[in-house]
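New notebook page. I want to get to know this structure by looking things up one at a time, and I'll jot down what I find.

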Amino acid sequence: MNFTNFGKYLLLLKAVFRRPEKFKIYMKAIFQQMDFIGVGSLGLIAIISTFIGAVMTLQIAFQLVSDFIPKTIIGSVTRDSSILELSPTITAIVLAGKIGSAISSEIGTMRVSEQIDALEIMGINSPGYLILPKLIAGITMVPVLVIFAMVLSITGGYLGGTLSGAVTPAEYIQGITTDFNPYTIVVALVKAFVFGFIITTVPAYEGFYVKGGALEVAQASTRAVVVACISILACDYIVTQLLL
Amino acid sequence: MIEIKDIEKSFGSNTVLKGISGKFEAGVTNLIIGGSGSGKTTLLKCMIGLHTPEKGSVEYDGREFTQMSFEEKIEIRKEIGMLFQGSALFDSMTVEENIMFPLNMFTEQSFKEKLERVNFCLERVNLPGKNKLFPAELSGGMKKRVGIARAIAMNPKYLFVDEPNSGLDPKTSIVIDELIKELTEEYNTTTIVVTHDMNSVMGIGDYILFLHEGKKFWEGSNKEIAHTDIEELNDFVFASRFMKAAKKNF
């Protein structure tokens, strides 16, 4: 995203936060989007988080071969990695693909079929009507999904570690309960909030300014996912640097 | 009444509109005609605020539109209905929800009142009982009629219609044209139709503004259009063999 695009992105955000025409209609749209972004992604996030937790435990166990390191450390490393990095970032990148492409193609198709023009002619603030419900749903549901992913990732680690015999249930549970720092949850939720903002607004921007037809909508959708993923990784680094 | 004065619009180095002026009265069907690339749709978009002209003004009953703030423009837009070339119906909504949409956004009517208005608009465009269909289930002509129903749902003072006959068969085109004319006269709206369809020009053109290469070349009525000696206009109006043959009868 070059500076011109970034400027247009900021101006679009400014328009998004104009006063809604009717709160009741916006509320209905927000709940619909929460269902789409949150409930609609639960299955995918559950599968990915469980397997990532399981694989991570196995790999940590594989690398910790020294007799001087207690096996409880496997649980601790799985817990901290899941909470601080893997759950927020992997969840966000998966959602950028699933939700981001859907948002970009939905808004892009509305643009090329003149539906956005129709909204504006009616006197409706189209950025607000189309993007604000998605944004609010994103910044509320992505943290919920990240908490869900943390729990399942740690549970997946337990299943993977104990079923393979890499770690005993007692060692794993002792590991995940020892020296737990609740601040790591705060850092993860801050990341989730920022990622929720990116996952909804970057694809919305790409879709909103599409010109052309079906090909351009598809290109915008691809660009939206790529830009959103890069933005997520950059913001991941910035938030980690600032908060830890 | 809508009055445009000296409208100029460019895209980069390409000047699309070169000082267009005109007056569109209420209660008559006003047509903007011209060949492809003559600037018709750009002029329409300048009039409704989707494009901002570099020069000139657009007045809605004396209210200067181009210099208005965002909030002031919204108030004018609540008085505007528009039928888009591709109908621009919201795909995810049924016919009923499409027509009810502006009522939901801008009125405090009960659901029963809004439904009555939707049914009235659907009857007015000869589509009673099609409430629960989705746009994907409608033919091109039906989409246009639903688009008109949505445009008139809020009782607009100003009605804009962009290429109402594109993609329609001649019979359906005439039905749409007549519907636009009837609604204009019935509700005394200021109606502006952008078209290059000669059936529309001869059928409903009470006032016609002819654009050629971004300039206003001619204005008049459908009764006068066949008797001009402007070469560019004659080339446009009598381009088809049918119209050349019919010219003798005008």
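How do the axes of helix H3 of chain B and helix H4 of chain B cross, and within what distance do they come? Before I answer, a reminder to myself that this is a predicted model.

**Entry: H3 and H4 of chain B**

I looked up the two axes: H3(B), residues 95-106, and H4(B), residues 111-124, come within 9 Å and cross at roughly 120 degrees. Angles from 65 to 115 degrees would count as roughly perpendicular and those over 145 as roughly antiparallel, so I log H3(B) and H4(B) as oblique to each other. The crossing of H3(B) past H4(B) is right-handed.

Next I asked which residues meet there. On the H3(B) side I find Glu96(B), Ile99(B), Met100(B) and Leu103(B), and they meet Lys114(B), Arg117(B), Val118(B) and Cys121(B) of H4(B). Sorted by class, this contact has 5 nonpolar and 3 charged residues, with no polar ones.

**Entry: Lys114(B)**

I picked one residue from that contact. Lys114(B) sits in helix H4 of chain B. Is Lys114(B) buried, exposed or partly exposed? I count 19 C-beta neighbours inside 10 Å, and being buried takes 20 or more, so Lys114(B) goes down as partly exposed.

Setting aside neighbours within four places in sequence, I see Lys114(B) in contact with Met100(B), Leu103(B) and Gln109(B). I also checked the separation from Phe236(B): the two residues are 122 apart along the chain, and their C-alpha atoms are separated by 44 Å.

**Entry: chain A as a whole**

How many helices and strands does chain A have? I get 9 helices and 0 strands, and reading along the sequence gives α-α-α-α-α-α-α-α-α. Along the principal axes, the C-alpha atoms of chain A fill a box of roughly 70 × 35 × 30 Å.

Chain A has 244 residues, and 46% of them are buried. I then turned to contacts in chain A with a separation of 6 or more: 88% of them are accounted for by residues 24 or more positions apart.

**Entry: H3 and H6 of chain A**

At what angle do H3(A) and H6(A) pack? For H3(A), residues 42-63, and H6(A), I noted an angle of about 45 degrees and axes 6 Å apart. An angle under 35 degrees would have counted as roughly parallel, so H3(A) and H6(A) are oblique to each other. H3(A) passes H6(A) in a right-handed crossing. I sorted the residues of this contact too: 16 are nonpolar, 11 are polar and none is charged.

**Entry: the largest nonpolar core**

Which residues touch the most other members of the largest nonpolar core? The core has 126 residues, and the ones I was after are Val142(A), Ile199(A), Ala228(A), Ile32(B), Leu43(B), Ala149(B) and Phe160(B). Helix H6 of chain A, residues 126-164, gives the most to this core, with 15 residues.

I followed up on Ile199(A). Not counting residues up to four places away in sequence, Ile199(A) touches Ala92(A), Leu95(A), Ala96(A), Ile99(A), Gly100(A), Gly138(A), Val142(A) and Ala228(A).

**Entry: where the chains meet**

How many residues of chain A are in contact with chain B? I find 13 residues of chain A against 14 of chain B. Helix H5 of chain A, residues 115-121, gives the most to the chain A side, with 5 residues. That side divides into 5 nonpolar, 3 polar and 5 charged residues.

**Entry: positive phi**

Most residues other than glycine have a negative phi. I came across some with a positive value.

Asp6(B) has a phi near 55 degrees. I placed Asp6(B) in strand E1 of chain B, residues 2-11, and 13 other C-beta atoms within 10 Å make Asp6(B) partly exposed.

Asn155(B) also has a phi near 55 degrees. Asn155(B) is found in the loop between helix H5 (140-152) and strand E7 (158-162) of chain B. With 11 C-beta neighbours inside 10 Å, Asn155(B) counts as exposed.

**Entry: Thr177(A)**

Last lookup. Thr177(A) lies in helix H7 of chain A, residues 169-177. I count 12 C-beta neighbours inside 10 Å, so Thr177(A) is exposed. From Thr177(A) to Ser153(A) I note 24 residues in sequence and 15 Å in space, C-alpha to C-alpha.

Note on methods: Residues are numbered from 1 along each chain as its sequence is written. Chains are lettered from A and ligands numbered from 1 in the order in which they are written. This is a predicted model: local features need pLDDT of at least 70, side-chain atom pairs count only at pLDDT 80 or more; totals for chains, interfaces and linings use all residues. Axes are lines fitted to C-alpha atoms, for helices over the stretch in contact, and angles run from 0 to 180 degrees between N-to-C directions. Helices (H or I, at least four residues) and strands (E, at least two) are DSSP runs, numbered from the N terminus. A crossing is left-handed if the near helix is turned anticlockwise from the far one by less than a right angle, and right-handed if clockwise. Two residues are in contact if their C-beta atoms, placed from the backbone, lie within 7 Å. Ala, Val, Leu, Ile, Met, Phe, Trp, Tyr, Cys and Pro count as nonpolar, Asp, Glu, Lys and Arg as charged, and the others, Gly among them, as polar. A nonpolar core is a set of buried Ala, Val, Leu, Ile, Met, Phe, Trp, Tyr and Cys residues joined through C-beta atoms within 7 Å.
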